[in-house]
Amino acid sequence: MQTFMPSLLFTFAEKPDEVIVAVKRAVELNPLDPGWYSGVLGRALRYARRFDEALTILNDYNQRNPGFGVVDIVLTYADMGDVEKSRQYAGILLSTRPEFTVSNWALTQNCLDPDRLARDKRSLLDANLPE
């Protein structure tokens, strides 16, 4: 946990390169990966604009834990400019988490850059997720 905690702080501070290193080290130290390491790593890869890697990690996370990582998949496709795929995954998100709303999601986000949060909210709304 001591190795993983800095990755959470680096995520909130939007330092994706540091997150990637810390999460990979946490996985090495804990072979019983609790799964949510993948969510943090996937988001860091998205922030680092390493979209293909992010999608690989996030899709694997969703396969192992249905419904998890899908918000970041929606946002990754939005960041890539693929509105169709973003909307496709928004539908998948709602099928596994029908109570999801952008407003409630935004309340759970720790993001140093308010512009990023605003862009992400806009991307989720553009993907036809409920406000």
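Confidence in this predicted model is lowest in helix α1 (residues 4-12), with a mean pLDDT of 49, and highest in α5, at 98. Over residues 1-7 the pLDDT is below 50, and beyond near neighbours in sequence this stretch has 13 contacts in the model. Where pLDDT is low, the predicted coordinates should not be read in detail. Across the protein chain the average is 86, and 88% of the residues score at least 70. With that in mind, here is a tour of the core, the aromatic rings and a few individual residues.

**The nonpolar core**

- The largest nonpolar core has 28 residues, and the members that touch the most others are V71, V74, F100, W105, L124 and L129.
- Two or more residues come from each of α2 (16-29), α3 (36-47), α4 (51-64), α5 (70-80), α6 (83-96) and α7 (102-107).
- Which helix gives the most to this core? It is α5, with six residues, and α5 is also where confidence is highest.
- W105 is worth a closer look: leaving aside residues up to four places away in sequence, W105 touches R43, V71, L75, F100, L117, D120, K121 and L124.
- Among those partners, V71, F100 and L124 are also on the list of core members with the most contacts to other members.

**Aromatic pairs and a charge over a ring**

- How many aromatic pairs does the model hold? The count comes to two.
- One of them joins Y61 and F68 in a tilted arrangement, with 6.1 Å centre to centre and 45° between the planes.
- Within this pair, Y61 counts as buried because its relative accessibility is 8%, under the 20% limit. F68 counts as partly exposed, at 46% relative accessibility.
- Y77 and Y89 form a stacked pair, at 5.6 Å centre to centre and with 20° between the planes.
- The Y77 and Y89 pair links distant parts of the chain, since Y77 lies in helix α5 and Y89 in helix α6, twelve residues apart.
- Are the two tyrosines of the stacked pair buried or exposed? Y77 is buried, with a relative accessible area of 11%, and Y89 is buried too, with 13%.
- Y47 has a charged neighbour: the charged end of R116 sits over the Y47 ring, 3.8 Å from its centre.

**S38 in helix α3**

- S38 is found in helix α3. With a relative accessible area of 8%, S38 falls under the 20% limit and is therefore buried.
- What joins the side chains of S38 and R64? They share a polar contact of 2.8 Å.
- Not counting residues up to four places away in sequence, S38 touches D33, I57, L58, Y61 and R64.
- Y61 thus appears twice in this briefing, as a contact of S38 and as the partner of F68 in the tilted pair.

**Two loop residues**

- D113 is found in the loop between α7 and α8 (114-126), and it is partly exposed, with a relative accessible area of 26%.
- Where does the side chain of D113 reach? It reaches the backbone nitrogen of D115, at 2.9 Å.
- P66 is found in the loop between α4 and α5. P66 has a relative accessible area of 59%, over the 50% limit, so it counts as exposed.
- P66 and I92 are 26 residues apart in sequence, while their C-alpha atoms are 9.6 Å apart in space.

Terms used. Residues are numbered from 1 along each chain as its sequence is written. This is a predicted model: local features need pLDDT of at least 70, side-chain atom pairs count only at pLDDT 80 or more; totals for chains, interfaces and linings use all residues. Side-chain values use heavy atoms; hydrogens and water are left out. A nonpolar core is a set of buried Ala, Val, Leu, Ile, Met, Phe, Trp, Tyr and Cys residues joined through side-chain atoms within 4.5 Å. Buried means under 20% relative accessible area, exposed over 50%, partly exposed in between (1.4 Å probe, protein chains only). Helices (H or I, at least four residues) and strands (E, at least two) are DSSP runs, numbered from the N terminus. Contact means heavy atoms within 4.5 Å. A polar contact is a pair of N or O atoms within 3.5 Å; within protein, one must be able to donate a hydrogen and the other to accept it, and residues adjacent in sequence count only if both atoms are side-chain atoms. Rings of Phe, Tyr and Trp (its six-membered ring) pair if their centres lie within 6.5 Å; planes under 30 degrees apart count as stacked, over 60 as edge-to-face and the rest as tilted. A charge sits over a ring if NZ of Lys or CZ of Arg is within 6 Å of the ring centre and within 35 degrees of the ring normal. pLDDT is the predictor's confidence in each residue, from 0 to 100.
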